[in-house]
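Student: Can you walk me through a protein model, a bit at a time?
Tutor: Sure, take a look at this one and we'll talk it through.

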Amino acid sequence: MFLSKALDHLYILASIAFTVYSQLIMRWQVSTAGDLPVELSGKVRFIFELFFNPWVLSGVFATLLAGISWMLAMTRFEVSYAYPFVGLSFILIMILSGAIFGETIGVYKIVGTVLVVAGVIVTALEKVN
């Protein structure tokens, strides 16, 4: 029973992992693509070239896999239990964006992250009890 429930949580974990991967890949590729052109034709070309970038396509595919993982999670958990775990993606993205892209992680982001973690813990405890 315990092992089964632990494995069911892998659906949630997979959804989070695919989401984090997708967001970081998108950030990386958009930042290397340069500024968004002003004129409409330039914007269309910019988006078209980005969309067919293999890295961006891997991010789009990861988003699809995140959705599939989430659907599987919904077969095992109530959404009110599972959804707070999605907050972990915010935490991971914040930490990794700071480490990888040098983005600023200030006090407000840290406090917000602590609140998200507290919410996930409180929600998870309900299922244990």
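Tutor: One term before we start: a contact means heavy atoms within 4.5 Å. This is a predicted model, where local features need pLDDT of at least 70 and side-chain atom pairs count only at pLDDT 80 or more, while totals for chains, interfaces and linings use all residues. Residues are numbered from 1 along each chain as its sequence is written, and side-chain values use heavy atoms, with hydrogens and water left out.

Student: Which residues does Met 74 touch, not counting residues up to four places away in sequence?
Tutor: Met 74 sits in helix H3; helices (H or I, at least four residues) and strands (E, at least two) are DSSP runs, numbered from the N terminus. Its C-alpha is 8.9 Å from that of Ile 12, with the two positions 62 residues apart in sequence. With residues up to four places away left out, Met 74 touches Val 79 and Ala 82.

Student: Is Met 74 buried, exposed or partly exposed?
Tutor: Buried means under 20% relative accessible area, exposed means over 50%, and partly exposed is in between (1.4 Å probe, protein chains only). Met 74 has a relative accessible area of 29%, so it counts as partly exposed.

Student: What about Ser 97, is that buried or exposed?
Tutor: Ser 97 belongs to helix H5. Its C-alpha lies 10 Å from that of Ile 25, although the two are 72 residues apart along the chain. Leaving out residues up to four places away in sequence, Ser 97 touches Leu 24, Gly 102 and Glu 103. Its relative accessibility is 7%, so Ser 97 is buried.

Student: How far apart are the end C-alpha atoms of H5?
Tutor: The expected span of a helix is 1.5 Å times one less than its number of residues. H5 covers residues 87-101, which is 15 residues, so it should span 21 Å. The model agrees, because the end C-alpha atoms are apart by 21 Å.

Student: And how far does H1 reach from its first C-alpha to its last?
Tutor: H1 has 32 residues, and the expected reach at 1.5 Å a residue is 46 Å. The model comes close to that, with 47 Å.

Student: Which helices do the buried residues of H1 pack against?
Tutor: The buried residues of H1 include Asp 8, Ile 12, Ser 15 and Ile 16. Their packing partners are H2 (40-51), H3 (54-74), H4 (79-82) and H5.

Student: At what angle do the axes of H1 and H5 cross?
Tutor: Axes are lines fitted to C-alpha atoms, for helices over the stretch in contact, and angles run from 0 to 180 degrees between N-to-C directions. Among the residues that meet are Ile 16 and Trp 28 in H1, and Leu 88 and Phe 101 in H5. The two axes come within 10 Å, and they cross at roughly 35 degrees.

Student: How many helices does the protein chain have?
Tutor: Along the sequence, the pattern reads α-α-α-α-α-α. There are zero strands, and the helices come to six.

Student: What radius of gyration does the protein chain have?
Tutor: The radius of gyration is taken over C-alpha atoms, and the globule rule is 2.2 Å times the number of residues to the power 0.38. A compact globule of 129 residues would come out near 14 Å. The C-alpha atoms here fill a box of roughly 55 × 35 × 20 Å, taken along the principal axes. The radius of gyration of the protein chain is 18 Å.
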